[in-house]
Amino acid sequence: MKKFYIKTFGCQMNVRDSEIMVQILRSHGHQPVMDIADADLILLNTCSIRDKAEQKVFSLLGQLRDLRQKSANNQDIILAVAGCVAQQEGEKICKRMPDVRLVVGTQQFYHLPEMIERLESGQSAREIRCALAPDFTIPPFQKLFHAGMDQPGHSLPCSAQDQFKQFVTIMQGCNNFCSYCVVPHTRGREISRPATDILEEVRFYADQGAVEITLLGQNVNSYGTTNQVADIRVDFADLLYRVAEIDGIKRIRFTSSNPHDLSDKLMQCFKDIKQLCPHFHLPVQSGSNQVLKQMNRKYTRELYLEKVAGLREHCPDIALSTDVIVGFPGESDQDFAQTMDLLETVKFHASFSFKYSDRPHTRSASFTPKVAEPVKKERLQTFQARQDQISLERNRELVGSVQEVLVEQIHDQGIQARTGSNHIVHLGPHAHLKTGKFAMARITKAGMHSVQAEVEST
Ligand code: 5AD
Ligand code: SF4
């Protein structure tokens, strides 16, 4: 039996995969530990979306390897790499890093216990990696959690206090092939999970007391349209209606979406489903049609703005957030000005912005001319500075309003809660509030990344 510690990098898909790995390992008798120093199995669940994300993984891997080599007692520690870097660079890791004893691809982690057994019987990382075929489906919920499910206190150490808020993977992979994106290479083609299985998992969490569900996929809008395992035929909007029927679920969120697949039917959900949170993360990536074309995003700036208008028409209070890449190959000053102009037009509540980096196997890695690093840096700063001002303006719009908030964390200093629109709200200490409970709060002050509020009623 191993004492294991999982360190997670990257997106919510990875966070969710780590939770599942914890479950699977626990159900096979392995024990999670809170401190890496107590672990005899250290597993890094890695991200390769951007150059910087991957560098972080390799630098931690280097530190752990040095630590392991220096100390005699540490020889028994199993260093394992899972996730996107393992999927993409698995062969390289096996070759160059003999200290890494397990390499677990994004479609192999359901076999972790078997991998550990193979390791114990003397197989090498490469032998184990090659012995196990990737899973092209997500195993049924019941099978996944079999033994661990009904054990008392089966909750995961990383989310023990977060039971009220659960993430459910509805699909894996992506078929979009945006020219800059590594995901189709690290997560494979799009596969939708059977709706009955998803609904069963949501019901299970609702029975356990969950009030908020986030449906996860690289491109949730195309759920059910590709490669769905035989099941009730539902698209993403239908799935939302079905999740909303489950007792106890008060908030429904989802991520991520490609604007190109955002249907009118999905917009209608914001009118029809009261549990659907008024927040939409709609990555635009660039405001320039020329760049969007090179990115193979399959929409224009005009179409994007139409979708934004449609969403606001269906849900006037909706908060919009986005992702932006600056310095894509060939991006001119004029192209970047178009991105800034789109920011002014939409006035996103929040955005995540990144400097473009070449990723292995992507088409844009061969595109020229590359934008010089100082130019990328300057564009990123310009974008982020303006976004900060806009976020503050947006947050100020909330001041004076009363919002329903869900309490997420309670610290000595105060309480952190969240609105349906995904705004972080800081509340003063309050005797009657508990995590996972709702309260009505009057917003009193706006900051750039959060607001302050006073509790009106609980
Ligand atoms: N370079 C920079 N940013 C990227 N993203 C994805 N691929 C790259 C890349 N090669 C960003 C996109 C995406 C977010 C998750 O990461 O903005 O939406
Ligand atoms: Fe990173 Fe993409 Fe993998 Fe998520 S799916 S961990 S964002 S590379």
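This passage looks at the surroundings of ligand 1 and at the second largest pocket in a predicted model. Residues are numbered from 1 along each chain as written, with chains lettered from A and ligands numbered from 1 in written order. Local features need pLDDT of at least 70, side-chain atom pairs count only at pLDDT 80 or more, and totals for linings use all residues, while side-chain values use heavy atoms, leaving out hydrogens and water.

Around ligand 1 (a heavy atom within 4 Å) sit Ile 49, Arg 50, Tyr 180, Gln 285, Asp 323, Ile 325, Phe 354, Lys 355, Tyr 356, Ser 357 and Arg 359. Oxygen atoms of the ligand pair with side-chain N or O atoms at 2.6 Å for Arg 50, 2.7 Å for Gln 285 and 2.6 Å for Asp 323. Of the 410 Å² of accessible area that ligand 1 has on its own (Shrake-Rupley, 1.4 Å probe), the protein covers 87%. Strands β12 (319-326) and β13 (350-355) (DSSP E runs of at least two residues) each give two or more residues to this shell.

As for the second largest pocket, its volume comes to about 510 Å³. A pocket here is an open set of points on a 1 Å grid where a 1.4 Å probe fits, with protein on both sides within 12 Å along at least five of seven lines, and lining residues have an atom within 4 Å of a point; the volume is the space filled by probe spheres set on the points. Pro 278, Gln 403, Thr 419, Gly 420 and Ser 421 come closest to the centre, out of 29 lining residues. Domain 2 (310-397) and domain 3 (402-457) both contribute to the lining, so this pocket lies between them.

Note on methods:
Domains from an automatic or database assignment. Polar contact = N/O pair within 3.5 Å; in protein donor to acceptor, adjacent residues only side chain to side chain. Helix = DSSP H or I, 4+ residues; strand = E, 2+ residues; numbered from the N terminus.
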